[in-house]
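This report describes the fold, the sheet and the helix packing of one protein chain. The sequence and the structure come first, and the description follows.

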Amino acid sequence: MHHLARSARALVIASVLVAATAPARSDQTDMTARNETIVREAFDNWRAGGNVFAELLAPDIKWTIHGSGPVAGTYVGVEDFVERAAAPLTSRLATPIVPEVHGIWASGDTVIVRFDGSATTTSGAPYTNQFAWIFRMNDDRVTEAEAFLDLAAYQAVVDNAPRAD
């Protein structure tokens, strides 16, 4: 009988633990789905001509571009990122970058986007690059981002294409 009571007690404790974690799993699943949807819709809007940065980035974002080269580093705030990392490239493009998303994966507050981007430079040459962005989301905005891309392709446009007027 003592063995049966111990087994029953263990079953009750296990049931309580499962019940206590069920809402957390549900909340995590909801957060994952919400964050993936926000990013997917922002990329769909970008492809249609919208501004992905305006839609996604928190004003105080911390954006890190990995690799080596003049643009690699960490930027704090949207203005810093746009001014020092995005504008040197976009000012040398005659057309906006159009993303082709290959995959979006989300888990909780983290969303990873793998995409190619293409545009035409001010000199008429094509610009193509491959990207992987890792986002940390909070309150429907990206608060931290890590970017992986071909920095040589980025720098070739910045160094060789004239700035748009």
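D139 lies in the loop that joins β5 to β6, helices (H or I, at least four residues) and strands (E, at least two) being DSSP runs numbered from the N terminus. The model is a predicted one, in which local features need pLDDT of at least 70 and side-chain atom pairs count only at pLDDT 80 or more, whereas totals for chains, interfaces and linings use all residues. Residues are numbered from 1 along each chain as its sequence is written, and side-chain values use heavy atoms, with hydrogens and water left out.

**The loop between β5 and β6**

D139 is not a glycine, yet has a positive phi of about 55 degrees. Most residues other than glycine have a negative phi. With a relative accessibility of 69%, D139 counts as exposed; buried means under 20% relative accessible area, exposed over 50%, and partly exposed in between, for a 1.4 Å probe and protein chains only. D140 is also found in the loop between β5 and β6. Its phi is likewise positive, near 70 degrees, in a residue other than glycine. D140 is partly exposed, at a relative accessible area of 29%. The two strands form a hairpin with 2 residues between them.

**Overall architecture**

The protein contains 4 helices and 6 strands. Along the sequence these elements follow the pattern α-α-β-β-α-β-β-β-β-α. Of the 165 residues, 33% are buried. Among contacts (heavy atoms within 4.5 Å) between residues at least 6 apart in sequence, 51% join residues at least 24 apart.

**The sheet**

The 6 strands of an open sheet are arranged in the order β2-β1-β6-β5-β4-β3, with mixed pairing. β2 (73-76) and β3 (98-107) stand at the edges with a single partner strand each, so one side of each has no neighbour in the sheet. On average, neighbouring strands of this sheet are turned by 20 degrees against each other, direction ignored. Two strands are taken to pair if DSSP finds at least two bridges between them. Three of the pairings are set out below.

| Strands | Sense | Bridges | A residue and its partner |
|---|---|---|---|
| β4 (residues 110-120) and β5 | antiparallel | 11 bridges | R114 and A132 of β5 |
| β5 and β6 (residues 141-149) | antiparallel | 8 bridges | F135 and A145 of β6 |
| β1 (residues 57-65) and β6 | parallel | 5 bridges | I65 and A147 of β6 |

Further partners can be named in β6: F131 stands opposite L149, and K62 stands opposite E144. β4 and β5 also form a hairpin, with 5 residues between them, and G124 in its turn has a positive phi of about 95 degrees.

Strand β5 (residues 126-138) has two faces. The covered face presents Y127, N129, F131, W133, F135 and M137, while P126, T128, Q130, A132, I134, R136 and N138 belong to the uncovered one.

**Helices on the sheet**

β1 and β6 pair in the parallel sense. Helix α3 packs on the sheet, where it touches β1, β2 and β5, and its direction makes about 50 degrees with that of β1. Helix α4 packs on the sheet as well, touching β1, β5 and β6, and the direction of α4 makes about 120 degrees with that of β5. For these angles, axes are lines fitted to C-alpha atoms, for helices over the stretch in contact, and values run from 0 to 180 degrees between N-to-C directions.

**The contact of α3 with α4**

Helices α3 (residues 78-90) and α4 (residues 151-160) pack against each other at an angle of about 65 degrees, with their axes 8 Å apart. That angle makes α3 roughly perpendicular to α4, a class that covers 65 to 115 degrees; angles under 35 count as roughly parallel, over 145 as roughly antiparallel, and the rest as oblique. The crossing of the two helices is left-handed, that is, the near helix is turned anticlockwise from the far one by less than a right angle.

On the α3 side the contact is made by R84, A85, P88 and L89, and on the α4 side by Y154, V157 and V158. These residues divide into 6 nonpolar, no polar and 1 charged. In this division Ala, Val, Leu, Ile, Met, Phe, Trp, Tyr, Cys and Pro count as nonpolar, Asp, Glu, Lys and Arg as charged, and the others, Gly among them, as polar.

T90 also belongs to helix α3. This residue is partly exposed, with a relative accessible area of 44%. T90 and R163 are 73 residues apart in sequence and 8.7 Å apart in space, C-alpha to C-alpha.
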